[in-house]
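Work through the exercises below with the sequence and the structure at hand. Try each task before reading its solution.

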Amino acid sequence: MIKYGYPLIDETNTNHYPNRKVRIPSYHKTLGYIVFALCYYTFYLSSFTSAGNLTAETVSTYSNYSYDNVLYVSRICKTTKFRKVPRSKYDRTTERQIPRFDHFCVWINNAVGEENYRFFGLFIGVHMGMLGYGFWASLMCIRWVCERDSLWSSKYYSVSGGEPIDASWKVVLKYLGYHELPLCGLVILAGAMGFVMAGFVAFHLYIAARGMTTNEFFKWRDVKAWHARAKKRYENAKPEERGPKFDISKAEYEMVGVERDVGCVSVGSSEALNDDADAKDDDEVDENLVQDPGPLPKNIYDRGIWENLGEVIWPRSLREKKEGQGGGQSGENAASSTKKKKTKKKKKN
């Protein structure tokens, strides 16, 4: 853009073309450098900001969520050998237990989790804006070339000779592809990648607003698939083959058993709860009976759009660090204990 587009921007601001219809203000040259710098800055932030590191010493800092007994149950992590905090996952690439793990991003070569997800969101948002802006700017430069050279009113001749050819979309695009190939390539690249990036940004806005991570999004997809199969089996079973409702609170395992490797462009395999799953600690349930899965479990981490987005912008673990409130309390317990302290102070006064 700097080599092929900026000279054309200068042309649209000269007095050599008084009757021009296309004009690209010269401040776009400065704005281009600013956008370029923002891309690098957000890349730096998302690449070098830690997602958070769960260790035996920092468990209390990151224990800010409750177990839902659907995606997460209280158990010892087989790899790290300490209690697995809700919404965390061991990342095999960085070899760390990541709090509120989202995915490992190959583009920034960093795990995305609780403490850097906001910078990752800023990174993809800025790049989406850059691609959209680049698409518009390069397209305007091509429009200027069409106007400057009167491409739509010119006659064209084939290299093999023959009669002149009138302008058409096919002829003009062929001409531009030969004479303005870098700018045409930039329009195609920025347009295609901008469309892909917009979809990526929309996906992350959606899951953030719903109180989910990428890791949890795919886990919930497995749970929904299991629930649909189990519900169908129960409905198709004979009355004498039907058992009681499946009690999730009594299950001694996560409904999604084997962890996935979640990345930007691919998702590893996962072993979802099989069709014959039972509440295994209920001795009264006959294994031959088909249990009713009941209603689809709810996402207890979804607290409404604004609170969900607030947890992305200001993560709970950073609040704990700032306020000095550790001790393994959940967000709700920490809030209730603070209220009790205030009440005691009032009584003393």
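**Exercise 1. State what share of the residues is buried, and describe the overall make-up of the protein.**

Step 1. Of the 349 residues of the protein, 40% count as buried; buried means under 20% relative accessible area, exposed over 50%, and partly exposed in between (1.4 Å probe, protein chains only).
Step 2. The model is predicted, so local features need pLDDT of at least 70 and side-chain atom pairs count only at pLDDT 80 or more, while totals for chains, interfaces and linings use all residues. Residues are numbered from 1 along each chain as its sequence is written, and side-chain values use heavy atoms, with hydrogens and water left out.
Step 3. The protein has 10 helices and eight strands. These are DSSP runs numbered from the N terminus (helices: H or I, at least four residues; strands: E, at least two).
Step 4. The accessible surface is about 20,300 Å², and 58% of it belongs to carbon and sulfur atoms; areas come from the Shrake-Rupley method with a 1.4 Å probe, and for residues only the protein chains shown count as cover.

**Exercise 2. Identify the residues that touch the most other members of the largest nonpolar core, and the helices that supply it.**

Step 1. A nonpolar core is a set of buried Ala, Val, Leu, Ile, Met, Phe, Trp, Tyr and Cys residues joined through side-chain atoms within 4.5 Å.
Step 2. The largest one has 22 residues, and those touching the most other members are Leu71, Ile108, Val112, Tyr117, Phe120, Ile124 and Trp220.
Step 3. Helices H4 (117-148), H6 (181-209) and H7 (214-236) each supply at least two residues of this core.
Step 4. Leaving aside residues up to four places away in sequence, Ile124 touches Met197, Phe200, Val201 and His204; contact means heavy atoms within 4.5 Å.
Step 5. A second, separate core of 19 residues includes Cys141, Trp144, Leu176 and Cys184.

**Exercise 3. Find the spans that UniProt marks as "transmembrane region", and describe the chain in residues 30-48 and 119-146.**

Step 1. The unreviewed UniProt entry places this feature at residues 30-48, 119-146 and 183-207. Positions follow the numbering used here, feature names are shortened, and annotations may be inferred rather than shown by experiment.
Step 2. Residues 30-48 are 100% helix and 0% strand, with end C-alpha atoms 27 Å apart.
Step 3. Residues 119-146 are also 100% helix and 0% strand, and their end C-alpha atoms lie 40 Å apart.
Step 4. Leu38 lies in helix H2 (residues 27-48). Because its relative accessibility is 40%, Leu38 counts as partly exposed.
Step 5. Leu38 belongs to a nonpolar surface patch with Tyr27, Leu31 and Ile34, about 370 Å² of accessible area together. Such a patch joins nonpolar side chains (Val, Leu, Ile, Met, Phe, Trp, Tyr) within 5 Å, from residues with over 30% relative accessible area and no salt bridge.

**Exercise 4. Count the salt bridges and decide whether the partners Arg316 and Glu311 are buried or exposed.**

Step 1. A salt bridge is a side-chain nitrogen of Lys or Arg within 4 Å of a carboxyl oxygen of Asp or Glu. The structure holds eight.
Step 2. Asp10 and Lys29 meet in one of 3.1 Å, N to O. This pair links distant parts of the chain, 19 residues apart, with Asp10 in helix H1 (residues 6-11) and Lys29 in helix H2.
Step 3. Arg148 and Asp149 pair at 3.0 Å, N to O, and with Glu11 they are linked in a network of salt bridges.
Step 4. Arg316 and Glu311 have their closest N and O atoms 2.8 Å apart. Arg316 is buried because its relative accessible area is 8%, and Glu311 is buried at 4%.

Conventions
Patch = residues over 30% accessible without salt bridge, like charges linked within 9 Å, V, L, I, M, F, W, Y side chains within 5 Å.
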